[in-house]
Amino acid sequence: MARSLDGLVLSPVADQAPGQVGTRTRFTYHERDGRIWAEYEGGDIVHGHLVGTRDADTLDFRYVQLKQDGTTYSGHCVSAVTELPDGRVRLDETWEWESLRGSGTSVVEELTG
């Protein structure tokens, strides 16, 4: 099992659709006893929160976010946690909106320094 996400800061490796999570977004993760949660912001996202569970190297969570224009969105995501050769954590995500149409995949990686 990859190491704990507690206290890690991760960021997408590529921009998603305009107005959504992108390379300027920062996720600060917390983990305790199989529970995970995170706060995120940056780019077009003013505030975002996610909450869910971790079972071995699989995360299952729901997210909600507030954008700069005042709109809110929510969805569901399942992520595979892996450790990169340099020791950083990577999440390969499969997500779907619940508040609007759409789904996709993304990759976020631990930032250093």
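Modeller: A residue counts as buried under 20% relative accessible area, as exposed over 50%, and as partly exposed in between. I apply these cut-offs here to a predicted model.

Biologist: Why is alanine 56 called partly exposed?

Modeller: The relative accessible area of alanine 56 is 42%, and partly exposed is the class between 20% and 50%, so alanine 56 is placed in that class. This alanine sits in the loop that joins strand E4 (45-55) to E5, and its C-alpha atom is separated by 17 Å from that of leucine 84, which lies 28 residues away along the chain.

Biologist: Why does glutamate 41 count as partly exposed?

Modeller: Glutamate 41 has a relative accessibility of 45%, and the class of exposed residues begins over 50%, so the label for glutamate 41 is partly exposed. Unlike the loop alanine, this glutamate belongs to a strand, E3 (residues 35-42).

Biologist: What is glutamate 41 in contact with, leaving aside its neighbours within four places in sequence?

Modeller: Contact requires heavy atoms within 4.5 Å, and by that test glutamate 41 touches Arg24, Thr25, Arg26, Val46 and His47. For valine 21 I can give a C-alpha to C-alpha distance, which is 8.4 Å from glutamate 41 at a spacing of 20 residues in sequence.

Biologist: What makes the side chains along E7 alternate, and which of them are buried?

Modeller: In a regular strand the side chains alternate between the two faces of the sheet. Along E7, Val89, Leu91, Glu93, Trp95 and Trp97 point to one face and are buried, whereas Arg90, Asp92, Thr94 and Glu96 point to the other face and are not buried.

Biologist: How do you know that E6 and E7 pair, and in which sense?

Modeller: Two strands pair if at least two bridges are found between them; strand E6 (residues 72-83) and E7 have nine, in the antiparallel sense. Among the partners, alanine 80 is bridged to aspartate 92 in E7, and threonine 82 stands opposite arginine 90. Five residues separate the strands of this hairpin, where glycine 87 takes a positive phi near 95°.

Biologist: How many bridges join E7 to E8?

Modeller: Seven bridges join these antiparallel strands, against a requirement of at least two, so E7 and E8 count as paired. Aspartate 92 stands opposite valine 107 in E8, and the hairpin of E7 and E8, with five residues between the strands, holds glycine 102 at a positive phi near 135°. E5 and E6 are joined by nine bridges in antiparallel fashion, with tyrosine 63 bridged to glycine 75 in E6.

Biologist: How do E1 and E8 run, and how many bridges join them?

Modeller: Strand E1 (residues 9-12) and strand E8 (residues 103-110) run antiparallel and are joined by three bridges, with proline 12 opposite valine 108. The eight strands, in the order E1-E2-E3-E4-E5-E6-E7-E8, form a closed barrel with antiparallel pairing, and neighbouring strands of this sheet are turned by 30° against each other on average, direction ignored.

Biologist: What volume does the largest pocket have?

Modeller: Its volume is about 280 Å³, and of the 17 residues lining the largest pocket, Gln16, Val21, Tyr63, Trp95 and Ser106 are the closest to its centre. Strand E5 (58-67), strand E7 (89-97) and E8 each give two or more residues to the lining.

Biologist: How do the residues of this lining divide into nonpolar, polar and charged?

Modeller: Twelve are nonpolar, four polar and one charged.

Note on methods:
Residues numbered from 1 in each chain as written. Predicted model: local features only at pLDDT ≥ 70, side-chain atom pairs only at ≥ 80, totals over all residues. Heavy atoms only, no water. Helix = DSSP H or I, 4+ residues; strand = E, 2+ residues; numbered from the N terminus. Axes fitted to C-alpha atoms, helices over the stretch in contact; angles between N-to-C directions. 1 Å grid on protein atoms, 1.4 Å probe; cavity = no way out; pocket = protein on both sides within 12 Å on 5 of 7 lines; lining within 4 Å. Points joined across faces, edges and corners; volume = space filled by probe spheres on them. Nonpolar A, V, L, I, M, F, W, Y, C, P; charged D, E, K, R; others polar. Buried < 20%, exposed > 50% of the residue type's maximum accessible area, 1.4 Å probe, protein only.
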